[in-house]
Amino acid sequence: MSSAPGPSASLELTQAYWNAAAETYKQAFTGTLVGSMWRQAVWRELDTTFHAGSYVLELNCGTGIDAIHLAQRGVSVLACDISSRMIELARQNAVEKGLGKHLEFRVLATEHLGTLQAGTIFDGAFSNFSGLNCVQDLAAVRRNLACRLKPGSRVLLCMLGRFGAWQKLWHLAHRDWNRVFRSPPSTDVERAITVQYPSREQIVALFSPDFKLHRWRGIGIAVPPAYMDHWAVRFRQLTHCLNHIDGMIGSLPVIRNLGGCILLEFERISLAKEAPCK
């Protein structure tokens with residue numbers, strides 16, 4: 001019976017997976033019609049939260065699309081990712097846009113966030129899409145973020161949802177009854193990496209007491225996931241209508257649980273007695 005890989009081996013597997021995924025990331029998500037709609041929905045929240053002159057930390061930055069978007073609005077970003085290939089592509093994208101002044105990219109696993117230089121303080125932080133679903137110890141992420149964020153600053157976390165409406169319909173169409181009637185497991189091994197699906201309540205509990213949930217919404221409720229992009233392109237006008245509907249219903253109670261992703265906005269709380277930062 002083989003034993004589970006240790007933390008170091010697990011990170012190496014994760015890095016190898018995302019290095020390989022970097023080569024097709026644009027075709028699989030960023031460059032798709034659906035991917036652009038999901039991303040723009042997140043950008044609307046980022047633009048409301050982070051303003052010109054702010055210094056922001058990005059976790060799991062991928063090819064730097066979100067960091068570049070913020071830099072174009074005058075926000076300075078330290079963007080980190082476990083994948084050296086993702087960071088290489090991110091730097092190339094930033095150079096092409098002429099945005100070196102506001103951007104710094106660094107190969108850094110979220111699990112190693114504590115190695116950032118002590119005393120570096122940010123005005124906020126964010127992680128887009130499923131990066132944090134691949135991190136097993138979210139409580140450690142919370143502790144490291146708390147040491148590096150100003151009181152009152154905001155953290156936006158976009159993570160995979162547990163009850164995505166389109167995913168349920170997809171599994172129903174393929175008669176995968178197990179996935180239709182059950183929530184995703186708390187841990188699920190996919191392509192040699194571990195993907196977790198914590199509930200909103202679990203995420204909020206893991207980020208307490210240093211952060212409190214300010215608001216949250218669903219992303220990709222009416223708009224289908226990227227693996228249905230061929231359908232979205234074929235019925236482009238309908239997809240744009242669904243995108244408009246998404247914008248209207250994303251914050252509605254109960255319905256927001258049905259997003260392919262959920263976007264949570266936390267506020268850094270200043271506690272009377274805090275553990276010392278390392």
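In this predicted model, the lining of the largest cavity is made up, by class, of four nonpolar, one polar and two charged residues. The residues concerned are Met37, Trp38, Ala41, Arg44, Val223, Asn243 and Asp246. Two elements, α3 (33-49) and α11 (236-249), each give two or more residues to this lining, and of the contributing elements α3 gives the most, with four residues. The space enclosed in the largest cavity is about 30 Å³, and the count of cavities of 30 Å³ or more comes to one.

Attention may next be given to the nonpolar interior. In soluble globular proteins, nonpolar side chains tend to be buried together. The largest nonpolar core of the model holds 50 residues, among which Trp38, Leu46, Phe50, Leu103, Phe105 and Ile219 touch the most other members. Helix α3 supplies the largest share of this core, namely eight residues. Trp38 thus appears in two settings, since this residue belongs to the lining of the largest cavity and is also listed among the core members that touch the most others. For leucine 46, when neighbours within four places in sequence are left aside, the contacts are with Leu70, Phe126 and Leu156. A second core, separate from the one just described, comprises 26 residues and includes Leu116, Leu145, Met159 and Trp216.

The strands β1 and β2 form a further part of the description. Strand β1 (residues 55-59) is joined to β2 by four bridges, and the two strands run parallel. Within this pairing, leucine 57 stands opposite leucine 78, a residue of β2. Of the six residues that make up strand β2 (residues 76-81), five are buried, and the strand is therefore largely enclosed by the rest of the structure.

A single residue of helix α5 can be followed in more detail. Leucine 89 lies in this helix, which spans residues 84-97. The relative accessibility of leucine 89 is 15%, and because residues under 20% are classed as buried, leucine 89 counts as buried. When residues up to four places away in sequence are not counted, leucine 89 touches Ala22 and Thr63. A related separation concerns glycine 64, which is 25 residues from leucine 89 in sequence, while the C-alpha atoms of these two residues are 7.8 Å apart in space.

How values were computed. Residues numbered from 1 in each chain as written. Predicted model: local features only at pLDDT ≥ 70, side-chain atom pairs only at ≥ 80, totals over all residues. Heavy atoms only, no water. 1 Å grid on protein atoms, 1.4 Å probe; cavity = no way out; pocket = protein on both sides within 12 Å on 5 of 7 lines; lining within 4 Å. Points joined across faces, edges and corners; volume = space filled by probe spheres on them. Nonpolar A, V, L, I, M, F, W, Y, C, P; charged D, E, K, R; others polar. Buried < 20%, exposed > 50% of the residue type's maximum accessible area, 1.4 Å probe, protein only. Contact = heavy atoms within 4.5 Å. Core = buried A, V, L, I, M, F, W, Y, C linked by side-chain atoms within 4.5 Å. Pairing = 2+ DSSP bridges.
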